[in-house]
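Thanks for passing this one along. Here are my notes, in numbered points, to read with the model open beside you.

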Amino acid sequence: AEHRSYSHVTAVVRREMSLDIYEVSDEQNRSKIHHAVVDYENLDNSAGVIANHNVAFCCLGSTRAKAGSAEAFRHIDYDYSMSTARLCKAANISHFCLLSSMGADAKSFFLYPKTKGEIEDECRKLNFPRYSIFRPGILLTAREEKRSLDAFSQKLWPAIHGIFPDKWKAIKTEVVADTMVKNAANPPKSPGELYQNDVLLNWDKTDNASC
């Protein structure tokens, strides 16, 4: 909301929440943010929420452990993401930004990267005028619910991450979010863009950081 390129931000959420979760410095920028509570099981009923926007950021995701089963995980990750993407396409969104994951590959034998890769591929088929994929590594966050791998990364990773190449390093969620926002405000390098973890970590040191 604080970026000069954005005049209106609609956060599509599953339940009511306070705007205090956003670290916005002043009331003028805070007034740009609006929440739209939707039912992802019936997302088509909320098509009006997406209308009249230029850019969409799809950051949906879960894990098998949190979802409770492989089927539930795929329903949340794949079905919800694809419902969102199709609704954005129908609303003539000109730039679709997808938060994916390091190692995403539709041909993988493993559920998580396979699902992420399939989402990437299916969204690509929708032929958005501009389509950007972001593949971060392990996400470092202060969220209350910590996944087992994340719990490891929160405590140990900061001490050892220096020995790993940028491609494999953990990355803070706010760094990923900031990069996605800056990318959407920049002119496109091509209609289809793919950004790996090493690029996300060093965004402000490259020619990507023009805004």
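1. Which residues of β4 lie on one side, which on the other, and are they buried or exposed? His95, Cys97 and Leu99 are on one side, Phe96 and Leu98 on the other, and all of them are buried, leaving both faces of β4 covered. Put as a count for the strand, which spans residues 95–99, 5 of its 5 residues are buried. Please keep in mind throughout that this is a predicted model.

2. It helps to look next at what flanks β4 within the sheet. Strand β3, residues 55–58, pairs with β4 in the parallel sense, over 4 bridges. Ala56 is the residue that stands opposite Phe96 of β4. Strand β5, residues 130–135, also runs parallel to β4 and is joined to it by 5 bridges. In that pairing, Leu98 stands opposite Ile133 in β5. Between β4 and β5 the chain passes through helix α5 (residues 111–124), and this β-α-β crossover is right-handed.

3. Now for the whole sheet. Its 4 strands come in the order β3-β4-β5-β8, with parallel pairing, and the sheet is open. At the edges are β3 and β8 (192–196), each of which pairs on one side only. From one strand to the next, the twist averages 15°. Helix α5 packs on this sheet and touches β4 and β5, its direction making about 170° with that of β5.

4. Two loop residues deserve a look at their backbone angles. Asn92, in the loop between α4 (70–90) and β4, has a phi near 60°, a positive value in a residue that is not glycine. Asn92 counts as exposed, at 66% relative accessibility. Asn127 sits in the loop between α5 and β5, and its phi is near 55°, again positive in a residue other than glycine. Asn127 is exposed as well, with a relative accessible area of 56%.

5. A word on the cysteines. How many disulfides does the model have? The count comes to 0, where a pair of cysteine sulfur atoms would have to be within 2.5 Å to qualify. For Cys88, the closest cysteine sulfur belongs to Cys58 and is 7.4 Å away, so it is too far for a bond. For Cys97, the closest one is in Cys59, and because the distance is 8.5 Å, that pair is too far for a bond too. Cys88 is buried at 2% relative accessibility, and Cys97, which we met in β4, is buried with a relative accessible area of 0%.

6. Finally, the chain as a whole. The protein chain has 9 helices and 8 strands. Of its 211 residues, 39% are buried. Taking contacts between residues at least 6 apart in sequence, 68% join residues at least 24 apart. The accessible surface comes to about 12,200 Å², and carbon and sulfur atoms account for 52% of that.

7. If you have time for one view, I would start at β4: its residues are buried on both faces, β3 pairs with it, β5 is joined to it by bridges, and α5 touches it as that helix packs on the sheet.

Terms used: Residues are numbered from 1 along each chain as its sequence is written. This is a predicted model: local features need pLDDT of at least 70, side-chain atom pairs count only at pLDDT 80 or more; totals for chains, interfaces and linings use all residues. Side-chain values use heavy atoms; hydrogens and water are left out. Buried means under 20% relative accessible area, exposed over 50%, partly exposed in between (1.4 Å probe, protein chains only). Two strands pair if DSSP finds at least two bridges between them. A crossover is right-handed if, with the strands pointing away from the viewer, the path from the first strand over the helix to the second runs clockwise. Axes are lines fitted to C-alpha atoms, for helices over the stretch in contact, and angles run from 0 to 180 degrees between N-to-C directions. Contact means heavy atoms within 4.5 Å. Accessible areas come from the Shrake-Rupley method with a 1.4 Å probe; for residues, only the protein chains shown count as cover.
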